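Morning, everyone. Let me put the structure up, and then we'll walk through it together.

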Amino acid sequence: MAEPTPPRAADQPQEGGRLLRVAAHPSSLRAIRAHLRAEAEAMGASAEWIADLVLAVDEACQNIIRHGYRCADPDAPPREDCVIVVETAVLPAGPAPAAGQALVVRLTDFAAPVDAAKIRARDLDDLRPGGLGVHFIRSLTDDCAWVPPPPGAGNVLRLVKRLTAAPGAGEGEET
Amino acid sequence: MTVEVKDVDGTHVIALSGEIDLQTSPQVRAAILESLGRGVPVVVDMSDTAYIDSSGVASLVEGYQSARGKGLAFALAAVSEAPMRVLKLARLDKIFVIYPDVDSALRAGG
């Protein structure tokens, strides 16, 4: 039986942004990072800001690959039915003082719906391998939340990272 | 990403070059645990590590814990700026033994 094809609704930019559609597979993370770096560089963000954004989104995509689709084996071939749609959009600067430009990243998957109440960062004093991804995502973004997915999609995680507006200036300056 | 293991007077210097992520961290984990499994102390050279994510950090934590369990030295050396920011974010810069360069780590016995 043919695998279901994700609906086109999820392939339409929701916030006027650009789309990258990749297999939910560890080998896709490099391309996702390159895409995000290019988008953030076009905003004029600093190297640190870009590094933070890239890590946060990489971690969120990892969670989709590992926990949503369970496709984390690098040696297994990518599956056609396991897809992540990465949408990036730049929000214009708002009124001062804290509303500079922001990059919004929406990650759409077609896995089972996430129970957000069960997602939590681990205690950093509990030294063990793993469990840092949620801490990184929350620490490095200004906002992260699941929003209602379009028909046929499983989840949409919306991440927002802002540039801080310079005092008295309309142009954004990165933090 | 490349993982290069060199024996320097009984210590394995494991050089990690490039980006460590979910695709490549299994190689890092395997190299570290193999050396420690042979009873050899390890220095991880991160001078050419451009990027590390939580899966890469997990490999380092696993190495650290394995070394402690075996009574072996395990240290990081020459951690470049971007990975160091990630280690600090996880507060692991206070846990790992970190040297400014590989020679310092080797002089200190790993």
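Start with a question: which side chain does B:Arg85 meet in a salt bridge? The partner is A:Asp52, with N to O at 2.9 Å. Keep in mind that this is a predicted model.

That pair has company. Across the interface of chain B and chain A, the rule finds six salt bridges. Search the whole structure, over all chains, and the count is 14.

Here is another one. B:Glu19 forms a salt bridge with A:Arg33. The closest N and O atoms sit 2.6 Å apart. This pair also runs between chains: B:Glu19 is in strand β2 of chain B, residues 11–20, and A:Arg33 is in helix α1 of chain A.

Now the interface as a whole. On chain B, 24 residues are in contact, and they touch 31 residues of chain A. Together the two chains bury about 2,200 Å² between them. Of that area, 59% is on carbon and sulfur atoms. Who supplies it on the chain B side? B:Leu22, B:Arg85 and B:Leu89 supply 29% of what chain B buries against chain A, more than any other three residues. So we meet B:Arg85 again, the residue whose side chain pairs with A:Asp52.

Next, polar contacts. Between chain B and chain A, 10 residue pairs are in polar contact, counting pairs with both residues at pLDDT 80 or more.

Which elements of chain B face the partner? β4 (49–52), α2 (54–70) and α3 (81–89) each supply at least two residues of the side that touches chain A. The largest share, eight residues, comes from α2(B). By class, that side of chain B has 13 nonpolar, four polar and seven charged residues.

Last stop: inside chain A. Helix α1 spans residues 29–42, and helix α2 spans residues 47–68. They pack at an angle of about 145 degrees, with their axes 9 Å apart. The crossing is right-handed. What makes the contact? From α1(A), the residues include A:Leu29, A:Ile32, A:Leu36 and A:Ala40. A:Arg33 is also one of them, and that is the residue that forms a salt bridge with B:Glu19. From α2(A), the list includes A:Trp49, A:Leu53, A:Val57 and A:Ile65. Sorted by class, the residues of this helix contact are 11 nonpolar, one polar and four charged.

To close, keep A:Arg33 in view: A:Arg33 takes part in the contact of α1(A) with α2(A), and A:Arg33 also pairs with B:Glu19 across the chains.

Note on methods. Residues numbered from 1 in each chain as written. Chains lettered and ligands numbered in written order. Predicted model: local features only at pLDDT ≥ 70, side-chain atom pairs only at ≥ 80, totals over all residues. Heavy atoms only, no water. Axes fitted to C-alpha atoms, helices over the stretch in contact; angles between N-to-C directions. Helix = DSSP H or I, 4+ residues; strand = E, 2+ residues; numbered from the N terminus. Left-handed = near helix turned anticlockwise from the far one by under 90°. Contact = heavy atoms within 4.5 Å. Nonpolar A, V, L, I, M, F, W, Y, C, P; charged D, E, K, R; others polar. Buried area = accessible area lost by both parts, 1.4 Å probe. Salt bridge = Lys/Arg side-chain N within 4 Å of Asp/Glu carboxyl O. Polar contact = N/O pair within 3.5 Å; in protein donor to acceptor, adjacent residues only side chain to side chain.
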